[in-house]
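Please work through the following exercises with the sequence and the coordinates open side by side. Each task sentence is followed by a solution that goes step by step.

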Amino acid sequence: KGELRMQSLTFDDAGMYQCIAENKHGIIYANAELKIVASPPTFELNPIKKKILAAKGGRVIIECKPKAAPKPKFSWSKGTELLVNGSRIRIWDDGSLEIVNITKLDEGRYTCFAENNRGKANSTGVLEMTEATRITLAPLNVDVTVGENATMQCIASHDPTLDLTFIWSLNGFVIDFEKEHEHYERNVMV
């Protein structure tokens, strides 16, 4: 019959299928697209990050993007506490969780629950607070005569568990110290 049967379909089965009929007189092709229109939520391909870092006093968005059809309803918990929208916490329509003005109390295990008429699933990550990066000594305005040298300083405090990188720019364009080494020099003090 030239029939293709598939059982227990998953999202991986979706795609373009091609049937090829061939005999001694030639070959002919026919194409068809298979769309998966109903599936329970799954975090298999896109789980929540296991470790999420957020700066003290800052803002974090934890994405919750399972595959599911139809679109699932989302809910979140921190530990065993169910989260609801408030002044610092917001659950977006796409399932993402936003937390603003991060404090040490926000650290913990966050779980996203996704449910549709085909089933439910969840994924968990741990939020850890880091000290915010702050400029402690900003560059100052400098007046120099053409041909003279100028030095600008920038010093920052940061969480000791994280790396810190300084990026300098001129009029909105990042300075490439390797290409422009004859004009600019970077001195890094530890």
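The exercises below concern a predicted model, and they go from the sheet to the core, the disulfide, selected side chains and the backbone.

**Exercise 1. Determine the strand order of the five-stranded open sheet, and say which strands are its edges.**

Step 1. Begin with strand S7, residues 73-78, which pairs with strand S11, residues 108-116, in the antiparallel sense over six bridges. Within this pairing, tryptophan 76 has cysteine 112 as its bridge partner in S11.

Step 2. Strand S7 is also joined to strand S8, residues 81-82, by two bridges, again in an antiparallel arrangement, and here the bridge partner of serine 77 is leucine 82. Two residues lie between the strands of this hairpin, and glycine 79 takes a positive phi near 65° in it.

Step 3. Turning to strand S11, one finds nine bridges that join S11 to S12, and these two strands run antiparallel. Asparagine 116 has glycine 119 of S12 as its bridge partner.

Step 4. The complete order is S4-S12-S11-S7-S8, in an open sheet whose pairing is mixed. Strands S4 and S8 are the edges, since each of them pairs on one side only.

**Exercise 2. Describe the largest nonpolar core, and state which residues have the most contacts inside it.**

Step 1. The largest nonpolar core comprises 21 residues, and Val60, Ile62, Trp76, Leu97, Ile99 and Tyr110 are those with the most contacts inside it.

Step 2. Next, trace the core back to its strands: S4 (51-55), S5 (59-62), S7, S9 (89-91), S10 (97-100), S11 and S12 (119-130) each supply at least two of its residues.

Step 3. Take isoleucine 62 as an example; when its neighbours within four places in sequence are left aside, isoleucine 62 is in contact with Ile48, Ile52, Trp76, Ser96, Leu97 and Tyr110. As general background, nonpolar side chains tend to be buried together in soluble globular proteins.

**Exercise 3. Find the disulfide, give its geometry, and explain which parts of the chain the pair ties together.**

Step 1. A search of the whole structure finds one disulfide, and it is formed by cysteine 64 and cysteine 112, whose sulfur atoms are 1.9 Å apart.

Step 2. The link of cysteine 64 and cysteine 112 is left-handed, with -80° about the S-S bond.

Step 3. Cysteine 64 belongs to the loop between S5 and strand S6 (67-69), whereas cysteine 112 belongs to strand S11, and therefore the pair ties together parts that are 48 residues apart in sequence.

Step 4. Cysteine 64 and cysteine 112 are both buried. Cysteine 19, by contrast, is partly exposed at a relative accessible area of 43%, and cysteine 154 is partly exposed at 23%.

**Exercise 4. Decide whether threonine 124 is buried or exposed, and identify the polar partner of its side chain.**

Step 1. Threonine 124 has its place in strand S12, and its relative accessibility is 18%. Because buried means under 20% relative accessible area, threonine 124 counts as buried.

Step 2. The side chain of threonine 124 makes a polar contact of 2.7 Å with the side chain of threonine 111.

Step 3. Beyond its neighbours within four places in sequence, threonine 124 is in contact with Ile48, Lys49, Lys50, Arg109, Tyr110 and Thr111.

**Exercise 5. Characterise the aromatic pair by its geometry and by the accessibility of its two members.**

Step 1. The search of the whole structure finds one aromatic pair. Phenylalanine 177 and tyrosine 184 form this pair, with 6.3 Å centre to centre and 75° between the planes.

Step 2. Planes over 60 degrees apart count as edge-to-face, and the pair of phenylalanine 177 and tyrosine 184 is accordingly edge-to-face.

Step 3. Phenylalanine 177 is buried at a relative accessible area of 17%, while tyrosine 184 is partly exposed at 23%.

**Exercise 6. Locate the cis peptide bond, and the positive phi angles of serine 8 and asparagine 101.**

Step 1. Recall that most residues other than glycine have a negative phi, and that most peptide bonds are trans.

Step 2. Alanine 69 and proline 70 are joined by a cis peptide bond with omega about 0°, and proline 70 lies in the loop between S6 and S7.

Step 3. Serine 8, although not a glycine, has a positive phi of about 50°; serine 8 lies in the segment before strand S1 (15-23) and is exposed, with a relative accessible area of 68%.

Step 4. Asparagine 101 likewise has a positive phi of about 50°; asparagine 101 lies in the loop between S10 and S11 and is partly exposed, with a relative accessible area of 45%.

Technical notes. Residues numbered from 1 in each chain as written. Predicted model: local features only at pLDDT ≥ 70, side-chain atom pairs only at ≥ 80, totals over all residues. Heavy atoms only, no water. Pairing = 2+ DSSP bridges. Helix = DSSP H or I, 4+ residues; strand = E, 2+ residues; numbered from the N terminus. Core = buried A, V, L, I, M, F, W, Y, C linked by side-chain atoms within 4.5 Å. Buried < 20%, exposed > 50% of the residue type's maximum accessible area, 1.4 Å probe, protein only. Contact = heavy atoms within 4.5 Å. Polar contact = N/O pair within 3.5 Å; in protein donor to acceptor, adjacent residues only side chain to side chain. Phe/Tyr/Trp six-rings, centres within 6.5 Å; stacked < 30°, edge-to-face > 60°. Disulfide = S-S within 2.5 Å.
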